[in-house]
Amino acid sequence: MALEIIESCVNCYACEPLCPNEAIYQASPHFLIDPDKCTECLGDYDDAQCSSICPIEGAIVDELGVALNLPGSLTGISAEMLAKYQAAVEATYQAALEAKTG
Amino acid sequence: MDLPVINSSSEGAAGGGCDSHSCGSTDDQLNHLPEHIRAKVHNHPCYSEQAHHYFARMHVAVAPACNIQCHYCNRKYDCSNESRPGVVSEVLTPEQAVKKVMAVAANIPQMTVLGIAGPGDPLANPERTFATFRELSEKAPDIKLCVSTNGLALPESVEELSKHNIDHVTITINCVDPDVGAQIYPWIFWNNKRIMGREGAAILIEQQQKGLEMLTARGILVKVNSVMIPGVNDKHLAEVSKVVKSKGAFLHNVMPLIAEPEHGTFYGLMGQSSPTAEELQELQDACSGDMNMMRHCRQCRADAVGLLGEDRGLEFTMDKIEDMEIDYPAAMVKRAEVHAQIAKELEVKEQDRLFQAQAKAALIALRGEADAPPTRPVLMAVSTKGGGVINEHFGHAHEFLVYEASPAGVRFIGHRKTTPYCEGGSSCGDGESALDETLRVLKGCEVVLSAKIGFEPWAPLEAAGIQPNGEHAMEPIEEAIAAVYEELRAAGKLDEAPVQQQKVA
């Protein structure tokens with residue numbers, strides 16, 4: 001059993017020093033967990049340390065690919081709010097593009 | 001009538017009355033500090049309003065990890081076009097950071113201060129943060145070191161902080177009440193667990209207060225930053241100001257919330273409103289009865305470089321630094337010369353000001369106050385590139401500094417950001433909307449002083465009730481404002497109510 005860091009990782013380093021097994025290492029494009037070393041913190045801590053400090057919902061998953069931090073659980077940002085965010089980013093991008101070409 | 005310059009005055013409002021509202025708040029934030037503290041902060045751009053016109057600072061982004069989540073922060077954010085705390089373009093290793101600091105210090109001799117402020121929490125990255133401090137205190141002993149933290153890991157770090165000769169620490173304290181904190185901090189990471197909501201906020205508050213007490217007990221200067229969040233902690237911050245002052249913080253910096261949907265923060269997406277410039281000023285004034293307030297903060301990026309309000313970070317990216325030859329001992333000599341020159345300039349200014357204040361006091365003693373009837377205060381905006389003088393064209397200004405002139409003198413109120421009306425001709429097609437923005441941010445100001453103001457914005461400014469004034473180019477800001485105030489008084493314009501300002505979209 002081992003946890004996995006996926007592509008939404010923002011490389012904030014927070015998890016790396018916490019791992020009791022030194023299973024987490026810096027890699028490109030994002031940090032990775034050595035599955036041979038990861039114990040999901042069993043025997044060391046009640047909660048897996050990496051997923052307890054990770055600020056990005058969904059960036060750490062278990063062997064079945066299930067996120068340890070579900071959408072909205074850390075930031076309070078719901079799926080609807082996230083859609084609004086994507087729309088706002090898109091609008092800003094379009095406006096910048098128009099300003100450049102226009 | 002000659003007006004003393006209150007913000008840089010060491011004696012407060014000379015000859016003026018003292019009501020409960022203005023007393024204390026009209027002083028420079030450093031005036032009533034003990035001499036040994038003033039000596040420490042006189043050339044720190046973030047702590048001294050006067051110093052920020054002359055001295056530069058830089059942040060190195062060595063600390064990406066964070067141990068809490070704030071609702072005004074998006075940990076995914078990384079954009080070179082955004083200017084606000086928590087945003088950086090590249091995270092540096094301690095070795096890279098040291099190299100960058102030496103390069104900047106050699107190229108910008110006005111730089112006095114190196115801060116570590118993120119993009120996460122410096123004390124949640126103790127190894128990276130302290131490795132940077134350790135090497136810098138050896139290699140660049142003439143640079144002041146400071147650190148900014150959320151306070152959660154502060155008590156355990158105080159010992160290490162005091163080893164590295166760091167005499168300035170900033171703690172962001174948004175509340176002293178866990179119920180308020182629960183609306184700002186969704187979680188903290190504490191003792192190997194993620195702790196949600198009120199319980200987490202209570203621990204954070206306890207750690208912040210403990211850290212503050214430990215630092216001040218050791219004589220380390222503490223500034224407190226607070227983010228003003230309307231409807232969440234705006235009513236509560238006066239209490240925060242009182243508490244942190246009683247525990248020995250020497251300066252309180254209340255900053256407006258930055259929250260736009262495109263930033264992807266909880267507050268941004270919730271549509272949480274930011275305070276207006278007027279609301280911010282009102283709260284700063286309310287707190288100032290209890291506390292020295294900072295009003296010139298620019299809420300800079302965690303990798304900003306240069307004078308406050310400017311960012312020269314792009315000149316010092318790692319690839320550019322690799323190619324630079326740095327002779328630090330030579331640079332240190334040059335820096336000392338530049339700093340001495342600035343100190344001399346400031347001293348001359350101070351002498352000048354003291355002389356004028358004395359002359360005014362003598363005049364009042366001679367004639368009595370009676371022939372100077374009270375006149376109303378007036379807000380004026382200026383554009384400057386630094387150096388304490390009016391040296392920026394109206395159309396090139398990214399921000400305006402706002403001052404209040406009154407019979408008690410001239411005091412700095414704050415800065416207002418805008419989009420330059422004219423970026424040197426290339427984007428003048430956008431001129432109209434940018435001017436609308438500038439008119440909006442200058443709301444409440446009756447005069448704007450710039451090195452030069454073009455023909456086009458002149459009429460719209462006048463129509464908005466803001467008198468453009470280009471007659472004081474290259475003059476010291478406070479003196480120019482005092483002169484304009486005197487002109488307004490002599491013309492009888494201060495007896496009337498201000499011109500009704502039209503609504504600007």
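I'll start in a loop: M474 of chain B sits between β15 (467-469) and α14 (477-490) of chain B. This is a predicted model, so every value I quote is computed. Phi of M474(B) is near 70°, a positive value in a residue other than glycine. Most residues other than glycine have a negative phi. As for its surroundings, M474(B) counts as exposed, because there are 10 other C-beta atoms within 10 Å and the cut-off for exposed is 12 or fewer.

Chain A has a residue of this kind too. N11(A) is not a glycine, yet its phi is positive, at about 60°. Its place is the loop between β1 (4-5) and β2 of chain A. Is N11(A) buried or exposed? Neither fully: N11(A) is partly exposed, with 16 other C-beta atoms within 10 Å.

Staying with chain A, there is a cis peptide bond to note. It runs from S28(A) to P29(A), and omega is near 5°. P29(A) belongs to the loop between β2 (24-25) and β3 (32-33) of chain A. Most peptide bonds are trans.

Now the overall layout of chain B. The chain is divided into domain 1, residues 49-326, and domain 2, residues 373-505. How far apart are the C-alpha centres of the two domains of chain B? The distance is 31 Å. Where domain 1 and domain 2 of chain B touch, domain 1 gives 12 residues and domain 2 gives 10 residues. On the domain 1 side of that contact, the classes are 4 nonpolar, 4 polar and 4 charged.

Next, the sheets of chain B. One is an open sheet of 7 strands with mixed pairing, in the order β9-β8-β5-β4-β3-β1-β10. Its edges are β9 (251-256) and β10 (305-306) of chain B; each has a single partner strand, so one side of each is left without a neighbour in the sheet. At the β10 end, β1 (residues 56-59) and β10 of chain B pair antiparallel over 2 bridges. M58(B) has V305(B), in β10(B), as its bridge partner.

Two helices go with this sheet. Helix α7 (residues 237-246) of chain B packs on the sheet and touches β8 and β9 of chain B, its direction making about 175° with that of β8(B). Helix α6 (residues 197-217) of chain B lies across β5 (168-172) and β8 (221-228) of chain B. The angle between α6(B) and β5(B) is about 165°.

Chain B also has an open sheet of 3 strands, with antiparallel pairing in the order β2-β6-β7. Why is one side of β2 (68-69) and of β7 (193-196) of chain B left without a neighbour in the sheet? Both stand at the edges, each with a single partner strand, so there is nothing in the sheet beyond them. β2(B) and β6 (residues 187-190) of chain B pair antiparallel over 2 bridges. Within that pairing, I68(B) is matched with I188(B) of β6(B).

That small set of strands leads to the contact between the chains. Chain B puts in 21 residues and chain A puts in 22 residues. Which elements of chain B give two or more residues to the side that touches chain A? They are β6, β7 and α8 (266-270) of chain B. By class, the chain B side has 10 nonpolar, 6 polar and 5 charged residues.

Note on methods: Residues numbered from 1 in each chain as written. Chains lettered and ligands numbered in written order. Predicted model: local features only at pLDDT ≥ 70, side-chain atom pairs only at ≥ 80, totals over all residues. Pairing = 2+ DSSP bridges. Helix = DSSP H or I, 4+ residues; strand = E, 2+ residues; numbered from the N terminus. Contact = placed C-beta atoms within 7 Å. Nonpolar A, V, L, I, M, F, W, Y, C, P; charged D, E, K, R; others polar. Axes fitted to C-alpha atoms, helices over the stretch in contact; angles between N-to-C directions. Domains from an automatic or database assignment. Buried ≥ 20, exposed ≤ 12 C-beta atoms within 10 Å, placed from the backbone.
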